[in-house]
Amino acid sequence: MTPRRQQILSTAADLFAARGFHGVSMGDIGAAVGVSGPALYKHFASKDDILGQCLLHASDQLLAGARELLPDAEAAPGDALEALIARHADFALDNPALIVVQEREWGALGADTRAQVRKRQLAYVDVWCDALRPLRPDLSAAQARAAVQAAFGLLNSTPHSARIGRGAMHALLTSMAHAALLPWTVTRPGGPGPSR
């Protein structure tokens, strides 16, 4: 993705999060990035396309980053799960506007784009389940998916909860997600360890 397209998507996500998708025009987005509204059509087909690309790009980033950890999940699922949690916490803290847009503007996506985003999201859940299930053999596949999605809810709370500084919030989110997914362990300096 070109830097200009990335700038437009990032700016549009901020505007959509602040005003809602229907409260933002192409002219608003153009003005925020220093071009005319019509000039945006060189980069995107429509405002709907911008919204769709915001969420597709976010899903692609998460999925690609998670897939980088797949080899580690096979060798050391505990380490892979820790890395997945940390990476998602980073994403959530760095992109609160995208989280708001995903949560609030899902219904504004066209059906085709919604299906594409959902496909990527489900693949992302699968990567997490591949890391979690060896550590939680007590969970069925459906329970593991539900647990992972609940952990996403916790990690994605950043637009509402990040009030204590980035470093402290990252540490809090990662320790809470770890405790939610692996309740019999505790986070200690140097990583998770058995709770005894």
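Is I164 buried, partly exposed or exposed? Partly exposed, because its relative accessibility comes out at 48%. Keep in mind that this is a predicted model. Some notes from going through the structure follow.

1. **The patch around I164.** I164 sits in the loop that runs between helix 9 (158-161) and helix 10. Together with L172 and M176, I164 makes up a nonpolar patch on the surface. The three residues have about 250 Å² of accessible area together.

2. **The main core.** The largest nonpolar core counts 57 residues. If you want to find your way around this core, start with F16, I29, I50, L81, W128, L132 and L181, the members that touch the most other members. Plenty of helices chip in: those giving two or more residues include helix 1 (3-19), helix 2 (26-33), helix 3 (47-67) and helix 5 (77-94). Also on that list are helix 6 (96-104), helix 7 (111-132), helix 8 (141-155) and helix 10 (166-181).

3. **L132 up close.** Which residues does L132 contact, once its neighbours within four places in sequence are left aside? Click on L132 and look for L81, L139, A144, A147, V148, L181 and L182. Two of those names, L81 and L181, also turn up among the core members that touch the most others.

4. **Helix 6 and its cover.** Helix 6 has a run of buried residues: A97, L98, I99, V100 and V101. As for what lies over them, the cover includes helix 1, helix 3, helix 5 and helix 9.

5. **A polar residue in helix 1.** T11 belongs to helix 1, and T11 counts as buried because its relative accessibility is 17%, with the cut-off for buried being under 20%. The T11 side chain reaches the backbone oxygen of Q7, at 2.9 Å. For reference, an α-helix has 3.6 residues a turn, so residues three or four places apart point the same way. Leaving aside neighbours within four places in sequence, T11 is in contact with A32 and V33.

6. **Salt bridges, starting with D94 and R166.** How many salt bridges does the structure hold? The count is eight. In one of them D94 pairs with R166, and the closest N and O atoms are 2.9 Å apart. D94 lies in helix 5 and R166 in helix 10, so this pair ties together parts that are 72 residues apart in sequence. Both ends are partly exposed: D94 has a relative accessible area of 47%, and R166 has 39%.

7. **Two more bridges to check.** R104 and E105 meet through their side chains in a salt bridge, at 3.5 Å from N to O. R104 counts as partly exposed at 43% relative accessibility, whereas E105 counts as buried at 8%. D138 and R136 form another salt bridge, at 2.7 Å from N to O. Here the acid is the partly exposed partner, as D138 has a relative accessible area of 49%, while R136 is buried at 10% relative accessibility.

8. **A small network.** Which residues end up in one network through salt bridges that share partners? D90, D94 and R166 do. If you are making a figure of the D94 to R166 salt bridge, put D90 in the view too, as part of that network.

Technical notes:
Residues numbered from 1 in each chain as written. Predicted model: local features only at pLDDT ≥ 70, side-chain atom pairs only at ≥ 80, totals over all residues. Heavy atoms only, no water. Core = buried A, V, L, I, M, F, W, Y, C linked by side-chain atoms within 4.5 Å. Buried < 20%, exposed > 50% of the residue type's maximum accessible area, 1.4 Å probe, protein only. Helix = DSSP H or I, 4+ residues; strand = E, 2+ residues; numbered from the N terminus. Contact = heavy atoms within 4.5 Å. Patch = residues over 30% accessible without salt bridge, like charges linked within 9 Å, V, L, I, M, F, W, Y side chains within 5 Å. Areas by Shrake-Rupley, 256 points an atom, 1.4 Å probe, with all protein chains shown as cover. Salt bridge = Lys/Arg side-chain N within 4 Å of Asp/Glu carboxyl O. Polar contact = N/O pair within 3.5 Å; in protein donor to acceptor, adjacent residues only side chain to side chain.
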